[in-house]
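Biologist: Hi! Could you walk me through this one before I start setting things up?

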Amino acid sequence: MAGWSCLVTGGGGFLGQRIVHLLAEEKELQEIRVLDKVFRPEVREEFSKLQSKIRLTLLEGDILDEQCLKEACQGASVVIHTASVIDVMNVVQRETIMNVNVRGTQLLLETCVQASVPVFIHTSTIEVAGPNSYREIIQDGHEEEHLETAWSSPYPYSKKLAEKAVLGANGWALKNGGTLYTCALRPMYIYGEGSPLLFAHVDSALKNNGILSNHCKFSRVNPVYVGNVAWAHILALRALRDPQKAPTIQGQFYYISDGTPHQSYDDLNYTLGKEWGLCLDSGMSLPVSLKYWLAFLLEIVSFLLSPIYKYRPPFNCHLVTLSNSVFTFSYKKAQRELGYEPLFTWEEAKQKTKEWVGSLVKQHKETLKTKTH
Ligand SMILES: NC(=O)c1ccc[n+]([C@@H]2O[C@H](COP(=O)([O-])OP(=O)(O)OC[C@H]3O[C@@H](n4cnc5c(N)ncnc54)[C@H](O)[C@@H]3O)[C@@H](O)[C@H]2O)c1
């Protein structure tokens with residue numbers, strides 16, 4: 001294959017960075033362009049190390065800025081679209097989430113047509129499939145079930161619309177007469193070094209005498225390690241660029257999980273933190289049904305107050321469902337069609353993530369020490 005180039009949107013983020021690192025190893029890749037709204041100094045430093053290996057261009061800009069997208073897509077052979085606003089707590093305004101996640105994806109697809117970029121890989125999420133009710137049990141779910149979230153909460157709703165836009169764009173005619181081919185990956189909850197969600201859990205535990213919250217006790221999920229999700233993206237792009245494999249993959253979506261044991265979110269946090277003295281809250285937790293109705297009441301109060309006061313409940317029905325459902329998925333279709341096999345075993349993923357959690361705990365202790373001196 002002749003020299004090619006790849007644009008990674010959201011490439012400064014948790015998953016995006018890992019994709020960029022793996023891309024740097026790809027054969028005949030001439031340039032990686034990384035588009036992100038902001039690059040933190042440590043991310044810039046990390047990328048500067050890669051620059052001796054490959055031409056890496058950092059583009060700081062907004063996915064909603066059409067001029068910026070045009071510049072980013074010009075001459076690219078592949079787009080990997082990971083940029084997104086992730087928000088399950090309803091902290092970010094609905095309009096912002098819809099704009100970035102849906103409008104941003106549509107703009108990017110349109111720009112690909114204008115710039116004649118033939119391959120588009122979209123990072124979707126398990127949340128486009130549900131869970132819709134904590135009473136419903138989905139174990140080892142698969143693509144043929146065609147599950148779809150019924151929530152109107154901005155994150156799952158926007159990701160559902162974005163994925164539909166991407167898969168609907170498969171087969172679009174490009175300006176140069178070629179064809180656009182797309183596919184979407186639906187990772188489970190992603191853990192690993194640098195995870196913003198895991199950071200938030202550990203950080204709040206450290207501020208609470210090392211006690212991890214137990215809000216997700218009744219969940220049973222199969223989280224996936226970040227290195228494996230990044231690897232699935234590389235395999236998807238290789239497959240879509242391979243004329244023999246591409247016809248099977250075009251317009252398809254794939255669940256991405258790995259060998260991480262099925263467990264609750266709480267147990268995962270505990271496994272990753274216990275070595276550093278973090279422990280699970282042993283206090284009573286309300287039955288899920290009661291929590292759900294409480295969340296429902298709080299949402300009504302928030303709605304009634306909305307004309308005069310912006311009240312954000314500490315939890316909502318969607319969050320209670322998400323964090324207390326049995327919702328696991330198999331990666332067999334990705335294995336069959338993309339040749340996906342996890343790069344990292346559970347033991348390796350656990351070890352690497354534990355070490356990172358340990359570094360957060362150490363940092364916290366040092367900060368406390370300097371404060372008391
Ligand atoms: N973290 C998870 O558990 C998880 C699970 C399933 C799917 N995903 C999906 O994976 C993708 C990456 O998520 P992540 O966990 O790396 O999160 P992240 O927040 O670390 O990465 C998202 C990146 O998108 C960038 N971004 C946001 N708005 C932008 C804008 N307007 N213009 C340009 N860039 C913008 C952010 O700056 C960030 O670097 C997302 O699409 C997310 O929906 C994440």
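Modeller: Sure, here is a short tour, from the overall build to the ligand and the helix packing.
Modeller: This is a predicted model, where local features need pLDDT of at least 70, side-chain atom pairs count only at pLDDT 80 or more, and totals for chains, interfaces and linings use all residues. Residues are numbered from 1 along each chain as its sequence is written.

Biologist: Thanks! How many helices and strands does the protein have?
Modeller: There are 13 helices and 14 strands. Those are DSSP runs, numbered from the N terminus: helices are H or I with at least four residues, strands are E with at least two.

Biologist: And how compact is the protein for its length?
Modeller: Its radius of gyration is 21 Å, close to the 21 Å from the globule rule for 373 residues, so the protein is as compact as a globular protein of that length. The radius is taken over C-alpha atoms, and the rule is 2.2 Å times the number of residues to the power 0.38.

Biologist: On to the ligand. Which residues come nearest?
Modeller: G10, G13, F14, L15 and S84, out of 27 residues around the ligand. Near here is a C-beta atom, placed from the backbone, within 6 Å of the molecule.

Biologist: Which elements give two or more residues to that shell?
Modeller: Helix 1 (14-23), helix 4 (94-115) and helix 6 (196-206). Helix 1 has the largest share, three residues.

Biologist: What's the chemistry of the shell, by class?
Modeller: It has 14 nonpolar, nine polar and four charged residues. Ala, Val, Leu, Ile, Met, Phe, Trp, Tyr, Cys and Pro count as nonpolar, Asp, Glu, Lys and Arg as charged, and the others, Gly among them, as polar.

Biologist: Helix 4 again: are helix 4 and helix 5 parallel or perpendicular?
Modeller: Helix 4 and helix 5 (residues 154-168) pack at about 10°, with axes 9 Å apart. Axes are lines fitted to C-alpha atoms, for helices over the stretch in contact, and angles run from 0 to 180 degrees between N-to-C directions. The pair is therefore roughly parallel, as angles under 35 degrees count as that, over 145 as roughly antiparallel, 65 to 115 as roughly perpendicular and the rest as oblique.

Biologist: And how do helix 9 and helix 13 cross?
Modeller: The axes of helix 9 (residues 265-273) and helix 13 (residues 346-372) come within 8 Å and cross at roughly 70°. Helix 9 and helix 13 are therefore roughly perpendicular to each other.
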